[in-house]
Structure formats: structure tokens, C-alpha cells
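Have your viewer open and your selection tool ready. We will move through one part of this model stop by stop.

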Amino acid sequence: MCLYVTAVLLNIFGLRAFGAWVFVVLALTAIPASLWASFRRWRQGYFPALLYLLGFGVILGSVNLLLLRATGVIQPAPWNAHIFPLAVAAESILFSFALAYRIQILKQEKAAALEHADREKAARLEQVQASAKQLSLAVETRTAELAQANRELSERERELKQAAFHDPLTELPNRRYLIERVEAALSEAQLSGESIALLLIDLDHFKPINDRHGHDAGDLLLHTLAQRLRGLVRAGDMAARLGGDEFAVLVTGPNAEGDACQVAERLLRELASPVSYRDMALTVTVSVGAAFYPRHARHFSGLYKAADEALYRAKHQGRANWVQQDARWDAADQPT
């Protein structure tokens, strides 16, 4: 570009010969190189390169014509006097078209890039939404699994508690549960000033039934009598199996002693009813011993001993009856 401007200025100041050589240098170096680069780009499919190729070609032709005029090969004439300005104008027009085409291509590339970015953004958003959906599903699945595990754990805990505090054959509370309930009832009775009653029950002549008819008959008899026993006690009271053919009833409330007497009478009557086993009727009687807080003892061990001694006397008196501990009982934990 500098050589081109220099040649024009030399021509303006009358140094046409020197300016012609400057154009020769342009023609032999820069313009052919530009033509070759434009040709290669055009062959690669870049359309503006064709416009550059034509523009450089027009300039190269006009320069050659000026060179021929300067060397006298072609005589100056009106038809070739304005070839170079016209070539420059044609080059400017061609380069303007090339620039406009390039701008159009850049706009298209920008639009395509924006569209590609939008597609990538939409794809990423869709991927994020899919990941969030998968995460939500995984959380829901895990939550459901944990809820199921908690239910199973609660059920297992209930089963363990049932096994720890209940007799498996009769499903009644066991000795351990009875002790806890009696201890709690004693604490409440001390605060309220009420009494409680503990009844110990023993089946009369149960062993001969087991020996004669087998354990299946004995288990059926125990289970049936346990259900009857459960139905004889009130909701606030408690029936328990201590083991073997021994049972217990805890009676609480403001009239525990009077209620215990009624319960004992019902036990003698209801538990003596026959139990059907195959084609036989199994029958047992019961003996009951009763002791009361605070009359006979203030702690479980003393209360149990008092009731057990009363049960022993009931059996000694011929069984099938109930005995309450007398007022002369002196338990080890009785306060002095």
C-alpha cells in the first residue's frame, strides 16, 4: 500500500518514469502474491476471494498497461489515459462487494453460533432437568426405602418387646412385665393413698392332664384359660402368666380389695368350666391367694410372698378356693 501511494505521488509530481518502476515492483511482488492467495482461497470455496482476485487482476492489468506506456511500447492515447483510475474504481467496487459479502457471512456465522449456543443451553437445561428428575426419583425411592425400613424396624421392635414382656403360648404378659407393672402401681398408690391387690393363681391337678393327654392338650387348656382370664380383668388391671400353670392378676383402684374379692370368685367359677379337646372335656379347678398393699406389704417382694403364702394355704385347705392373707402377716419389707 505504501509503494502504491508513493507511485501515485511520483506520478503527480512529474516523476513518471520512477513511478512506473515503483508500479513494476508492485506488479512483480505484492499483486501476484495477493492474486495467488485469493486464487487459493477461491478454490477452497470462499466466494469473496474471487472478488479480491478480480480486483487485484484489474489493478495488475492497469499497472502493466501503464508500464507499457512508460516504456513506449504503447503510445499514449485517449482510450488508455484513464485505465488506471477506472481500475482503481473497479477494484474499490469489487472490494466493497467482498467486504459486504464477508459481513453477511459473519452475521450468518454469528446467528449460527447463537443458535448453536441456544441448542447447547437447551440441551444443558434438559440434562439438568433430567438429572434433577433422576435425583428426585432417587430421593423418593430412598425415602420410601427408609420409611419401609423404619416400619420394619418398628415392627421388629414391637415383636421384640412382645417377646420380652409376653408369654408366647398364652400371649399374656410375663413375670418380668408383671413386676414392672406392680412396681409402677405401688409408686402410684403411695402418692394417691389407694390400695392394690395381687392375686396368685395355680391350676389344680394340671400335671395329670399333661401326662395323660399330652402337651398339646395341656397347651390348649393353658391358652383357653388364659383367654378367659384376660376377659375377667378390667382394662386398668392386668393378668399375667408366671410360668407353668401359675398365673397372676393385679387389681388397682380406690376399692382394690373389694374388687379383688369379686375377681377371685369369678376366677373360681369361670376357670373351672370344661375345655373341649377332640372328643373330651378337660376340667381343672384353681386355687387363688391374695395379698394387699399396704396392709400386707409395701414392696413387690413382700407382696408376692404374702400372696404366695395365701395360695399355699388355699391348696392346703383342699384347693378350688381362694384365701386372702390375714392381718397378722408380717412381711420382711413391712415397715416397723
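Select Ile-196 in strand 1 and Tyr-293 in strand 6: Tyr-293 is the bridge partner of Ile-196. This is a predicted model. Now show both strands in full. Strand 1 and strand 6 run antiparallel, joined by nine bridges.

Next, add strand 3. Strand 3 also runs antiparallel to strand 1, with six bridges between them. For a landmark, pick Leu-198, which stands opposite Leu-250 in strand 3.

**Strand 1, both faces**

Stay on strand 1 and show side chains. In a regular strand, side chains alternate between the two faces of the sheet. Are the two faces of strand 1 covered or uncovered? Both are covered. Colour Ile-196, Leu-198, Leu-200, Asp-202 and Asp-204 for one side. Use a second colour for Ala-197, Leu-199, Ile-201 and Leu-203 on the other. Nine of the nine residues of strand 1 are buried.

**Ile-201 and the largest core**

Centre on Ile-201. What is in contact with Ile-201, leaving aside its neighbours within four places in sequence? The list includes Leu-229, Phe-247, Val-249, Leu-267, Leu-271, Val-286 and Val-288. Asp-245, Glu-246 and Ser-287 are also in contact with Ile-201.

Now widen the view. The largest nonpolar core has 35 residues. Ile-201, Val-249, Leu-267 and Val-288 are those with the most contacts inside this core. Elements that each supply at least two residues of the core include strand 1 (196-204), strand 3 (246-251) and strand 6 (285-293). Strand 4 (275-277) does so as well. Among the helices, select helix 8 (206-213), helix 9 (215-232) and helix 10 (256-270), which also each supply at least two. Helix 9 gives the most to this core, with seven residues.

A second, separate core has 22 residues. To find this second core, select Val-182, Ala-189, Ile-196 and Leu-242, which are among its residues.

**Helix 8, end on**

Select helix 8 and look down its axis. Which residues of helix 8 are buried? They are Phe-206, Ile-209 and Asn-210. These buried residues fall within an arc of 100 degrees, so they line one face of the helix. An α-helix has 3.6 residues a turn, so residues three or four places apart point the same way. On the other side of helix 8, find Lys-207, Asp-211 and Arg-212, which are exposed.

Bring back the surroundings. Strand 1, helix 9 and strand 5 (280-282) are included in what covers the buried residues of helix 8.

For the last stop, click Gly-214, just after helix 8. Gly-214 takes a positive phi of about 95 degrees.

Technical notes. Residues are numbered from 1 along each chain as its sequence is written. This is a predicted model: local features need pLDDT of at least 70, side-chain atom pairs count only at pLDDT 80 or more; totals for chains, interfaces and linings use all residues. Side-chain values use heavy atoms; hydrogens and water are left out. A nonpolar core is a set of buried Ala, Val, Leu, Ile, Met, Phe, Trp, Tyr and Cys residues joined through side-chain atoms within 4.5 Å. Buried means under 20% relative accessible area, exposed over 50%, partly exposed in between (1.4 Å probe, protein chains only). Helices (H or I, at least four residues) and strands (E, at least two) are DSSP runs, numbered from the N terminus. Contact means heavy atoms within 4.5 Å. Two strands pair if DSSP finds at least two bridges between them. The arc is that of the directions from the helix axis to the C-beta atoms.
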